[in-house]
Amino acid sequence: MTRLDKLLSDKLNITRSQAKALIKSGAVTVNGRVINTSDFKCGEGDSIVADGKTLDMREFVYIMMNKPQGVICATDGKGDKTVLDLLPEKMRRKGLFPAGRLDKDTTGFVLITNDGDFAHRILSPSKHIAKTYIAVLDKPADDAVIADFEAGMSLGDEKLQPAKLTVLDGCTVKVEITQGIYHQIKRMFKKHGITVLELKRTKMGVLELDENLGYGECRYLTDSEVVKICQK
């Protein structure tokens with residue numbers, strides 16, 4: 001059980017003093033009853049309405065976003081717009097972060113959550129959870145490039161895990177990796193004198209980006225979709 005003021009602070013992304021003021025004003029109900037005391041204890045099974053808004057009482061949430069260009073994957077953009085800034089007000093809460101990063105100019109599937117253990121499981125290279133990308137290149141990738149990807153490429157002193165490269169059409173390719181080191185895909189192609197012109201993440205695990213989401217749009221994942229992210 002959690003104090004009502006702390007719960008409101010976490011779920012509404014407001015300060016504890018703001019939460020206490022909201023409670024004192026009579027704008028908060030728990031299971032239909034107005035509560036005026038900040039130390040009132042409540043939990044996931046309770047129905048809480050604050051200022052006309054019903055709170056999402058789930059401990060953990062998982063959000064799929066179709067990231068646009070020019071937005072960074074971070075909790076603090078230091079002046080730049082972040083994926084958290086794109087969340088609609090009703091989905092914002094304390095503790096949210098992007099699970100894994102896409103470059104500023106890379107688009108596509110970003111998972112936003114407050115579940116640190118889950119994020120670690122899907123991002124750890126040892127778990128071999130694939131992330132799939134579509135890339136547009138400035139020149140075609142030949143068999144030697146494909147072979148180097150699949151063999152486990154060396155980048156400087158680092159030996160990468162095997163990756164899968166599939167040519168879709170001319171200079172458009174699909175890349176599947178299980179790591180996420182800095183600028184990995186761009187650096188892998190650069191080793192072969194190829195520049196990545198466009199890059200979009202389309203899948204995490206076996207869960208594909210919802211084609212109905214426009215750039216900057218997002219939605220909660222279902223329980224079954226969360227499971228798919230962990231599938232190889």
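This is a guided tour of a predicted model, moving from a sheet to two cores and then to a pocket.

Residues are numbered from 1 along each chain as its sequence is written. Because the model is predicted, local features need pLDDT of at least 70 and side-chain atom pairs count only at pLDDT 80 or more, while totals for chains, interfaces and linings use all residues; side-chain values use heavy atoms, with hydrogens and water left out.

**The open sheet**

Select residues 33-34 and 53-54, which are strand 3 and strand 6, the edge strands that each pair on one side only. They belong to an open sheet of 4 strands in the order 3-2-5-6 with antiparallel pairing (strands are DSSP runs of E of at least two residues, helices runs of H or I of at least four, both numbered from the N terminus; two strands pair if DSSP finds at least two bridges between them). Add strand 5, residues 48-50, which pairs with strand 6 over 2 bridges, and look for Lys-53 in strand 6 as the bridge partner of Ala-50.

Next select residues 4-12: this is helix 1, which lies across strand 2 (28-30), strand 5 and strand 6, and runs at about 70° to strand 5 (axes are lines fitted to C-alpha atoms, for helices over the stretch in contact, and angles run from 0 to 180 degrees between N-to-C directions; contact means heavy atoms within 4.5 Å).

**Two loop residues**

Follow the chain to Asn-13, in the loop between helix 1 and helix 2 (16-24), where phi is near 55°, a positive value in a residue other than glycine. Asn-31, in the loop between strand 2 and strand 3, likewise has phi near 55°.

**The nonpolar cores**

Now select Leu-87, one of the residues with the most contacts inside the largest nonpolar core, which has 35 residues (a core is a set of buried Ala, Val, Leu, Ile, Met, Phe, Trp, Tyr and Cys residues joined through side-chain atoms within 4.5 Å; buried means under 20% relative accessible area, with a 1.4 Å probe and protein chains only). Among the elements giving two or more residues to this core are strand 9 (107-113), helix 4 (143-151) and strand 14 (172-177). A second, separate core of 16 residues includes Leu-12, Ile-14, Val-28 and Val-30.

**Where the pocket lies**

Finally, select Arg-101, Leu-102, Asp-103, Gly-180 and Ile-181, which lie nearest the centre of the largest pocket among its 24 lining residues. Helix 5 supplies the largest share of this lining, 3 residues. A pocket is found on a 1 Å grid over the protein atoms alone, as an open set of points where a 1.4 Å probe fits, with protein on both sides within 12 Å along at least five of seven lines, and lining residues have an atom within 4 Å of a point.

Terms used
Buried means under 20% relative accessible area, exposed over 50%, partly exposed in between (1.4 Å probe, protein chains only).
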